[in-house]
Amino acid sequence: MRHLPLLLLLACNIDNDLGTDDEKEVPFDSGGDWKPPVDTEDTGDGDDSGGGTVEDPPECESQFFAGSTVPQVEECYQEAPTPGTFTPVVLWDTQSFSYNGSSSSCMMQPIVCPLTDDDGDGDIDENDIADVVIITYSPGVLRALSGDDGSELWGTAGSGGIQITGGAACGDLDDDGRVEVIAATSAGVEVFDNEGNDVWSTSGCSGHMDATSDAPSIHDLDADGEPEVIIGNCIIDNDGNVIGQGDYGTGSSSNVGSAGVAADIDQDGELEVVAGNALYDIDGNAIWYNGGQDGYPAVGNFDSDNYGEIVVTGDAQMRVIDDDGTVLCSTSIPSASASYGGPPTVADFDGDGEAEIGVAANSTYTVFESDCDVLWQYTGTTDPSSGNTGSSVFDFEGDGVADVVYADEHWVWVFDGEDGDVKMQEAYHSNNTWLEYPTIADITGDGSADIAACHTPGSWGSYTGVTVYGDADASWRPGRRIWNQHGYSITNVEDDGSIPQYEETNWLTYNNYRSGDLTPGEGYSGPDLFADIVDVCDVECDQGNVWVWVQVANQGYNDVEDPFDLEIWGDTDSGWVLLHTETWSTTVTQGTKSDALEIHLSGVPVPLYDVMAMVDGGDNSSLSQVDECHEDNNESAAGYAQICF
């Protein structure tokens, strides 16, 4: 018997480029369970003229490789952090500006993203301190402030058409490693680089946006690597060309403003633009229009399928719409009158594992169940001028309880997500309010989340500019250093400000909208699968047979009890092709490696250069069946130069 040299230990966990799923050919049938062949002996007929004894043909013999323990990876286990305190204080406050100082009132949701290379490594990314972007008036001025102390970085009036109460967004539009900043104008958007220099603008969206308090958003709708900008139902490419416009809703109530929202509602791999009564493709064509009233949208999942549902608020109403436009439930927003009711927030407010919906009105903040029943309501907020503001959610203390952040005309509030109890009523605030809400991020770079809220002078005070609030003990859970747009959903932007080409569906992981991540405060332990090819036998290559012995290991901290696929791939003249698939259904205990599985590969191609074992979808996390702490070490080649030739 001849076996190839054992080289796996030198090549464990090699990450091989297998191409896309479409490129993975499966031209070979897997063999059945191999049984050692029965020895046969041909001694001839005893006639010396027959050439003597005929030797047995070479064959592979069954082998046994025992399981063992393996070192566990520390990153796969994290203890639950000690809950923080809740002692909010003002960290910094910028109310006046050197550039165009007469423009100081801010009626928008502050945007947080990295604009400067603070650590001096030549990159601007999540390792740098976040910066805050706001629009002040009058005139409309886009301003960037340093996140650590609120000092001015730059300000610009652009071409003079920035919406004075409009919104902004930031993200890397041109894939140069630095974010661009987008400001709403009266008929479109204007785009600036990270230093405030004008890049491009478009005014082709008139009639497809509200033109007052519009909030733009950035998404790669068609997953081509080039993000689009959405404002109202107007869709703009990353060069400033209008490529689509819807015919129905713009994501606005009859009050004011529009909120740009996009998500893969139908799970077809491309994002749709979401309005209050319609769903559009990238060209602005209506996928459906339900004939209902427009409104401010948010997205989540409220039923048993993986498709998204849409929550719409405004005009004193809240409704939940299925992925096909069917209204699942609707209700009046308590104490809301006329056109009141701000953009909805989706989160697990009460910790029951199901998403709820938070809505602010003129004197109330209400949390609804997904069937439109009221979970709780706080009465005593003060927003009689518009009743139109939004809210955000985060678990500041890491105690497993969501905190709701909301700012009305007089106070910045924090409510307990379970029952609406008041945790903070900060009077260092005044605003006439439109579509804005407070932003939550690690703005000061101290590893603790902060709250940013804008101000305008009014009947409750004379505050202007923007204030950042934080915990006196810096004990709040870490937040991301980015919250890049009004329609924020965690998965719509990477930590460094880049826009994902393939945006992960938020509700399949977080199921929230206008909310931070509510899960990391909990302790974590997870498995980490990998496979070893411990031997290969090729002596029957001329008959298309190869045997491999594979061990499956778990170097994480949870046992894997659910089945997953073990695949054997071959490196051929046609590239890597699938040779065999095995369903692994035996528990893989944490910190152990299994006994080797013997696999017979039949009909293998020649030449065959190498073989690779792939567990649980390989390094493509979208194919994973097991939630692992590392999804990028699931492919392991044997490391041969040639097997069959």
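Two strands pair if DSSP finds at least two bridges between them. With that in hand, let's tour this predicted model in a handful of close-ups.

**Figure 1. Strand β12 meets strand β13.** Here three bridges join β12 to β13, which covers residues 228-231. The two strands run antiparallel. To find your way in, look for His219, whose bridge partner in β13 is Glu228.

**Figure 2. Four strands make up an open sheet.** Step back a little and β12 and β13 turn out to belong to a sheet with the order β12-β13-β14-β15 and antiparallel pairing. At its edges are β12 (217-219) and β15 (242-245), each of which pairs on one side only. From one strand to the next, the twist averages 25°.

**Figure 3. A hairpin is built from β6 and β7.** Strand β6 (residues 141-146) and strand β7 (residues 152-156) pair over four bridges in the antiparallel sense. Ala144 is a handy landmark, with Trp154 as its bridge partner in β7. Five residues lie between the strands of this hairpin, and Gly150 takes a positive phi near 80°.

**Figure 4. Phe86 and Phe396 form an aromatic pair.** A search of the whole structure finds 19 aromatic pairs, and this view shows one of them. The ring centres of Phe86 and Phe396 are 6.2 Å apart and the planes meet at 65°, so the pair is edge-to-face. Phe86 sits in the loop between β2 (77-78) and β3 (88-94), while Phe396 sits in the loop between β28 (392-394) and β29 (403-407), so the pair ties together parts that are 310 residues apart in sequence. Both residues, Phe86 and Phe396, are buried.

**Figure 5. Two charged side chains lie over aromatic rings.** Phe86 appears again here, this time with Lys423 over the face of its ring, at 4.8 Å from the ring centre. In the companion panel, Arg477 lies over the face of Phe394, at 4.8 Å from the ring centre.

**Figure 6. Tyr, Trp and Phe residues gather in one aromatic cluster.** Its members are Tyr365, Trp376, Tyr378, Tyr406, Trp411, Trp413, Phe415 and Trp460.

**Figure 7. Residues 1-54 call for a careful eye.** For the protein chain, the mean pLDDT is 90, and 90% of its residues reach 70 or more. Over residues 1-54, however, pLDDT stays under 50, although the model has 99 contacts beyond four places in sequence for this stretch. Where pLDDT is low, the predicted coordinates should not be read in detail.

Definitions and conventions. Residues numbered from 1 in each chain as written. Heavy atoms only, no water. pLDDT = per-residue confidence, 0-100. Contact = heavy atoms within 4.5 Å. Phe/Tyr/Trp six-rings, centres within 6.5 Å; stacked < 30°, edge-to-face > 60°. Buried < 20%, exposed > 50% of the residue type's maximum accessible area, 1.4 Å probe, protein only. Lys NZ or Arg CZ within 6 Å of the ring centre and 35° of its normal. Axes fitted to C-alpha atoms, helices over the stretch in contact; angles between N-to-C directions.
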